Amino acid sequence: QAAIDLLWSDPSESDRQLGFSPNRRGVSCVFGPDVVGNFCRRNGVDLIIRAHQVVSEGFEYFAGGHLITLFSATNYCGRLNNNGAILIVSASLLVTPKVVEARQIAPPEKSLLEQAETATEDDQQHANITVRRH
């Protein structure tokens, strides 16, 4: 269970939601800013850096700046139009997020299936494509 919580727990949607509560993803839990503050004090750290959750600007602070969520994949799944971000960490451990702006990606003119269906037999053999017709 500890590994699941490390991978899938999320900060609450508001700094007013304290403690732990069920996660709407259906796995692990949601934690409040009090949990972050207690963890930082007990472990002598100022900042927790986490990833895996899409945030529209590429990064998002929580718990008074003691937790940052970082997401580096712009245009997640080709449809969310979200920015990405990276962190610059100085020699003195100053952490600065740098936003990578999303760019619109034009959809392909034909889907892969359409391309495969219209390929000649030579093209299919060259590309090792198998087209199954239903």
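1. **Largest pocket.** About 510 Å³ of space lies in the largest pocket of this predicted model. Its lining counts 19 residues, and those closest to the centre are D5, L6, S9, F31 and I48. Rolling a probe the size of a water molecule over the atoms is what shows where empty space is left.

2. **Who supplies the lining.** Four elements give the largest pocket at least two lining residues each: α1 (2-8), β3 (29-31), α2 and β4. Which of them gives the largest share of the lining? That is α2, with 5 residues.

3. **The sheet.** Three strands form an open sheet in the order β4-β6-β5. The pairing is mixed. β4 (48-51) and β5 (59-62) are the edge strands; each has a single partner strand, so one side of each lacks a neighbour in the sheet. From one strand to the next, the twist averages 20°.

4. **Helix on the sheet.** Helix α2, residues 33-43, packs on this sheet and touches β4, β5 and β6. The direction of α2 makes about 130° with that of β4. The helix thus named is also the one that gives 5 residues to the pocket lining.

5. **β4 with β6.** β4 and β6 (residues 67-70) run parallel and are joined by 4 bridges. I48 stands opposite L67 in β6. A51 stands opposite L70 in β6. I48 also appears in the pocket, as one of the residues closest to its centre.

6. **β5 with β6.** These two strands run antiparallel, again with 4 bridges between them. F59 has L70 of β6 as its bridge partner. L70 therefore has a place in both pairings, given that two strands pair if DSSP finds at least two bridges between them.

7. **Faces of β6.** Which residues of β6 point one way, and which the other? L67 and T69 point one way, I68 and L70 the other. All of them are buried.

8. **The β5-β6 turn.** The hairpin of β5 and β6 has 4 residues between the strands. A63 is found in this loop. Its phi is positive, about 55°, although A63 is not a glycine. A63 counts as buried, because its relative accessibility is 9% and the cut-off is under 20%.

9. **S28.** A positive phi turns up in S28 too, near 65°, again in a residue other than glycine. S28 is found in the loop between β2 (20-22) and β3. The C-alpha atoms of S28 and D10 are separated by 8.3 Å, with the two residues 18 places apart along the chain.

10. **D10: place and burial.** D10 is in strand β1, residues 10-11. Is D10 buried or exposed? At 3% relative accessibility, D10 counts as buried.

11. **D10: partners.** The D10 side chain makes a polar contact with the side chain of N23 at 3.0 Å. It makes another with the side chain of R50, at 2.7 Å. Leaving out residues up to four places away in sequence, D10 touches N23, R25, C29, V30, F31, R50, H52 and Q53. F31, in that list, is also among the residues closest to the pocket centre.

12. **R50.** R50 lies in strand β4. It is buried, with a relative accessible area of 10%. Besides D10, the side chain of R50 makes a polar contact with the side chain of Q53, at 2.8 Å. Beyond four places in sequence, R50 touches S9, D10, P11, L67, I68, T69 and L70. L67, I68, T69 and L70 belong to β6, residues 67-70.

13. **N82.** N82 lies in the loop between β6 and β7 (84-89). With 1% relative accessibility, N82 counts as buried. What does the side chain of N82 reach at 2.8 Å? It reaches the backbone nitrogen of Y76. Neighbours within four places in sequence aside, N82 is in contact with V54, V55, S56, F71, A73, T74, N75, Y76 and A102.

Technical notes:
Residues are numbered from 1 along each chain as its sequence is written. This is a predicted model: local features need pLDDT of at least 70, side-chain atom pairs count only at pLDDT 80 or more; totals for chains, interfaces and linings use all residues. Side-chain values use heavy atoms; hydrogens and water are left out. Axes are lines fitted to C-alpha atoms, for helices over the stretch in contact, and angles run from 0 to 180 degrees between N-to-C directions. Contact means heavy atoms within 4.5 Å. Buried means under 20% relative accessible area, exposed over 50%, partly exposed in between (1.4 Å probe, protein chains only). A polar contact is a pair of N or O atoms within 3.5 Å; within protein, one must be able to donate a hydrogen and the other to accept it, and residues adjacent in sequence count only if both atoms are side-chain atoms. On a 1 Å grid over the protein atoms alone, a cavity is a set of points where a 1.4 Å probe fits but cannot get out, and a pocket is an open set with protein on both sides within 12 Å along at least five of seven lines; lining residues have an atom within 4 Å of a point. Grid points are joined across faces, edges and corners, and a volume is the space filled by probe spheres set on the points.
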